[in-house]
Each structure stands twice: as structure tokens, then as C-alpha cells.
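Me: I'd like a close look at a single part of this one, the surroundings of one side chain in a helix, and then a walk outwards from there. Keep it informal, but give me the numbers.

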Amino acid sequence: MRRLRAMLAVCTALCTGLVLSACSTQETPGGSAEPLRTAGAPEGALHLLTLPGYAEEGFEDRGVDWVAPFEERSGCQVTVRTAATAKEIHDRMSGGFYDGALVPSEAFGRLVDGGRLAPVNTRLLDSYKSLDARLRDLVERGDQTYGVPAAWGADLLLFETGKAQPASWGAVFDPRESKPHHKRIVWRDSPHTIASAALYLKHRKRSLKIRDPYELTVEQLEAVAELLREQRPNVLRVTEDATQAVEAFSVGDAVVGMGGAYELDVLARGGRPIAVAAPKEGVTGWYTAWTVASRARNPNCMYQWLNWVGTPEVQKQIAEWRGVAPADSRACGLLRAGFCTAHHVGDRAYIDRLVFARTPDAGCEKDPECAGWSDWTEAWSSLG
């Protein structure tokens with residue numbers, strides 16, 4: 001599929017930086033740079049860092065292009081650099097010179113705390129108040145806002161009807177509960193799979209006293225990692241992207257596993273009997289947000305971009321191309337029937353129940369018992 005090729009296409013060229021101009025916001029520790037106070041004349045250029053599919057220029061499909069119309073409208077010539085993972089977004093924002101970036105939830109907190117992001121003056125954004133309130137809360141730190149939500153989704157428990165009927169994350173994480181489906185289980189290849197397993201252990205092993213799947217002690221993390229290590233030989237595939245999950249379910253190799261609304265939609269359209277379970281332990285979620293770099297050389301063009309990608313028309317295009325839930329429910333009036341229902345857009349009860357991903361580093365600096373992001377990545381790598 002053309003959209004899937006776009007998801008897999010990752011540009012590795014790095015954006016080199018020059019001395020910053022005086023018009024940029026100043027970078028200070030802890031993300032305390034001042035937001036842009038008033039909108040000024042566009043500088044004529046804009047340098048963006050993004051995950052695939054959020055700043056399309058018509059390379060994969062000429063009809064999928066919201067960068068060129070922005071350039072014509074704003075006078076800002078856009079240079080797009082693409083990163084494959086949250087870690088790459090974090091590392092390149094920490095060392096490169098970009099005006100802004102599309103930041104996934106797991107990297108957001110680290111970039112704010114590291115002073116890499118400037119606060120956003122939401123009064124300069126026409127559509128900000130139309131974005132989902134829960135998502136807006138997630139990008140706030142104290143009385144400052146550090147991002148503009150772009151899209152969101154949930155980490156779902158998928159299963160093939162007639163062959164499984166799971167009611168718990170134990171169906172994919174517990175060697176005993178999942179025994180009927182050994183070698184037919186799919187995981188996502190991400191340290192954040194640990195959070196879904198932690199949700200399971202929070203209810204299954206209450207003696208661990210897990211309160212939040214993203215705030216684990218070293219002992220709790222080791223307990224989760226041990227469960228995953230025990231289960232790993234029973235897993236069919238650890239998928240790096242949505243295409244691999246779709247393939248595993250479409251040919252009947254997988255019976256239960258982790259996925260998202262996009263995978264469910266593709267499989268349903270292909271006639272596969274795949275459904276979503278509602279794990280009694282709960283569900284984790286994720287979001288992406290456009291952010292302004294604290295060292296932005298072209299802040300006025302960046303704010304024009306924030307306004308552009310916040311319109312229902314562009315939100316609609318991103319949602320269709322990436323297969324994600326738009327942050328602005330007004331896009332639903334432009335999307336095909338059933339899209340927003342499938343993604344639970346506007347479903348207040350659903351989105352409020354999600355445990356959204358965030359950086360596990362928060363609060364670890366002064367707590368030796370706290371498991372930070374490096375501990376998470378090491379634990380995940382140890383699974384092989």
C-alpha cells in the first residue's frame with residue numbers, strides 16, 4: 001500500500017545548523033524558554049523534524065501533499081527531515097538545529113526537561129481550543145504549554161474471532177494464560193510494551209504495588225522484564241511496524257496480539273475476522289504533538305505551520321494517511337463514514353480511560369529506586 005510505503009520511508013540525512021539568529025527563542029535548562037509573544041513576518045524558511053507521514057510532500061502520492069499548499073500560502077519554504085523512532089527524534093532534537101518537531105509522547109517529557117522545547121503561545125493559534133481537552137492537558141507543564149497535539153491512538157489487544165476470546169493482557173504476556181496460543185502471539189517492538197505488561201502485573205501480582213505503568217521502581221521493572229523473558233519464546237513475531245502485524249494476522253499465523261486501530265481497520269477491510277478485546281487491566285495510549293524548538297531560527301514560520309496542521313482539512317489528511325485518530329474532532333466531518341467511530345474520536349469516556357505513554361525518566365534524578373528510560377531500554381533489549 002502506498003501509505004504503508006510512506007510509513008517505512010525514513011530519511012536519514014541530518015540537518016546541519018549554523019549560528020542562531022537573534023530572533024529565535026533562547027534555550028535555557030528545564031524548558032524555560034520564552035514563547036513567541038506576537039506573530040511577526042514569516043522568515044521565509046522552515047526546518048522540520050518529524051515521524052513519517054506527518055509532513056507529506058507528495059513524494060509517495062502526488063495527491064497526498066499538505067506541505068506545498070502551506071509553502072504557497074505562507075511563503076515559508078519547508079525542509080522536512082524524517083526520523084524513524086522516538087529515540088531518534090529525541091537525539092536529533094538534542095543536537096540539531098530545527099525550528100520544530102513532531103514529538104511522540106515517550107520523548108516529549110525528556111525534551112521539555114532538557115530545555116529543547118520552547119513554550120507555545122496558544123493565543124496565536126486559531127484552532128488550539130478545538131483540540132481534544134485531554135490531549136491539551138498532556139502537553140502542559142505547570143502554566144506553560146509545550147506542544148500542539150497532532151494525533152493519538154491506543155495500544156489494542158487484537159484477536160481472531162472463533163480462535164480466541166481474550167479478556168486480559170495475560171493472553172499475550174502470561175505464559176500460562178496464553179498457552180493455547182503459543183507461537184501465535186504478536187508483540188510490538190518497543191520498550192513501551194513494558195507498560196502494557198506492567199498494567200497486567202498491576203492487577204495480577206498486587207504485591208508488587210504497581211501504581212502507574214510508567215512509574216516503575218527497579219524492582220517492579222525487573223518483575224515485568226522477567227515475565228516478558230519467560231513469555232518471549234512463545235511469541236510468533238515482535239513487529240517493528242503496522243505492516244508486519246497486518247501480515248501476521250492476515251495470513252492466519254497470529255491469533256492474538258498487540259495492534260492499533262489502523263491494523264484493525266485494514267484487516268476488517270480485507271475480510272479477516274479480527275476484533276478488539278477490552279482488557280480488564282486497562283489500555284495504554286500514545287499521542288504525537290508538534291513542538292517549537294527552543295533554538296528555532298524561524299519561529300514565525302513555525303507558528304504558521306502550527307496553525308496550518310491544526311486545521312480540520314490537514315487533520316483529515318494526516319488521519320487518513322497515517323491511519324490515526326485526529327486531535328481535532330472537526331476533521332470527522334471530512335473523513336469517511338465510520339473512521340472516527342472506529343478510532344473513538346470524541347468518545348470522552350474512552351479517551352479518559354487511556355493511560356497515555358510518557359517518559360519514564362520523570363522524578364528519577366533523585367530516586368535511586370526509580371527505573372528510568374535507560375533502564376527500560378536495557379530491559380527491553382535483554383529480551384532478544
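Reply: Let's start with Phe 249. Leaving aside residues up to four places away in sequence, Phe 249 touches Leu 158, Phe 159, Ala 254, Val 255, Val 256, Gly 257, Leu 267, Arg 272 and Ile 274. Bear in mind that this is a predicted model. Phe 249 belongs to helix H9, which covers residues 242–250. Its relative accessible area is 0%, so Phe 249 counts as buried. There's also a C-alpha pair to look at here: Phe 249 and Pro 273 sit 24 residues apart in sequence, with 9.4 Å between them in space.

One of the partners of Phe 249 is Arg 272, so let's move there, because its accessibility puts it in another class: at 24% relative accessible area, Arg 272 is partly exposed. You'll find Arg 272 in the loop between helix H10 (261–269) and strand E12 (274–277). Again not counting residues up to four places away in sequence, Arg 272 touches Glu 160, Phe 249, Ser 250, Gly 252 and Leu 267. Leu 267 is also on the list for Phe 249. As for Glu 160, 112 residues separate it from Arg 272 along the chain, yet their C-alpha atoms are 8.0 Å apart.

Val 255 and Val 256, two more partners of Phe 249, lead to His 181. With the same sequence neighbours left out, His 181 touches Lys 163, Ala 164, Val 255 and Val 256. His 181 is in the loop between helix H6 (170–173) and strand E9 (185–188). It is a loop residue, but His 181 is buried, with a relative accessible area of 14%.

Now for how this spot sits in the rest of the chain. The protein has 15 helices and 15 strands. Of its 384 residues, 57% count as buried. Among contacts with a separation of 6 or more, 75% are between residues 24 or more positions apart. A compact globule with 384 residues would have a radius of gyration near 21 Å, and the protein agrees with that at 21 Å. Taken along the principal axes, the box filled by the C-alpha atoms is roughly 65 × 50 × 40 Å.

Helix packing gives you a couple of other places to look. Two packed helices are described by the angle between their axes and the distance between the axes. Take H7 (residues 193–204) and H15 (residues 373–381): their axes come within 10 Å and cross at roughly 90 degrees. H7 and H15 are therefore roughly perpendicular to each other. On the H7 side the contact uses Thr 193, Ile 194 and Ala 195, and on the H15 side Trp 376, Ala 379 and Trp 380. Sorted by class, that contact has five nonpolar residues, one polar and no charged ones.

The other pair is H2 (residues 67–74) and H11 (residues 299–309), whose axes come within 11 Å and cross at roughly 125 degrees. That angle makes H2 oblique to H11. The crossing of H2 and H11 is right-handed. From H2, Val 67, Pro 69, Phe 70, Arg 73 and Ser 74 meet Cys 301, Gln 304, Trp 305 and Trp 308 of H11. By class, the residues of this contact are six nonpolar, two polar and one charged.

Helix H12 (residues 312–322) is worth a glance too: its buried residues are Pro 312, Val 314, Gln 315, Ile 318, Ala 319, Trp 321 and Arg 322. Gly 323 follows H12, and its phi is positive, near 70 degrees.

That brings us to backbone angles. Most residues other than glycine have a negative phi. Lys 209, which isn't a glycine, has a positive phi near 60 degrees. Lys 209 lies in the loop between H7 and helix H8 (218–231), and with a relative accessible area of 67% it is exposed. His 344 also isn't a glycine, and its phi is positive at about 60 degrees. The loop holding His 344 runs between helix H13 (339–342) and helix H14 (348–353). His 344 counts as partly exposed, at 27% relative accessibility.

Conventions
Residues numbered from 1 in each chain as written. Predicted model: local features only at pLDDT ≥ 70, side-chain atom pairs only at ≥ 80, totals over all residues. Heavy atoms only, no water. Axes fitted to C-alpha atoms, helices over the stretch in contact; angles between N-to-C directions. Helix = DSSP H or I, 4+ residues; strand = E, 2+ residues; numbered from the N terminus. Parallel < 35°, antiparallel > 145°, perpendicular 65-115°, else oblique. Left-handed = near helix turned anticlockwise from the far one by under 90°. Contact = heavy atoms within 4.5 Å. Nonpolar A, V, L, I, M, F, W, Y, C, P; charged D, E, K, R; others polar. Buried < 20%, exposed > 50% of the residue type's maximum accessible area, 1.4 Å probe, protein only. Rg over C-alpha atoms; globule rule 2.2 N^0.38 Å.
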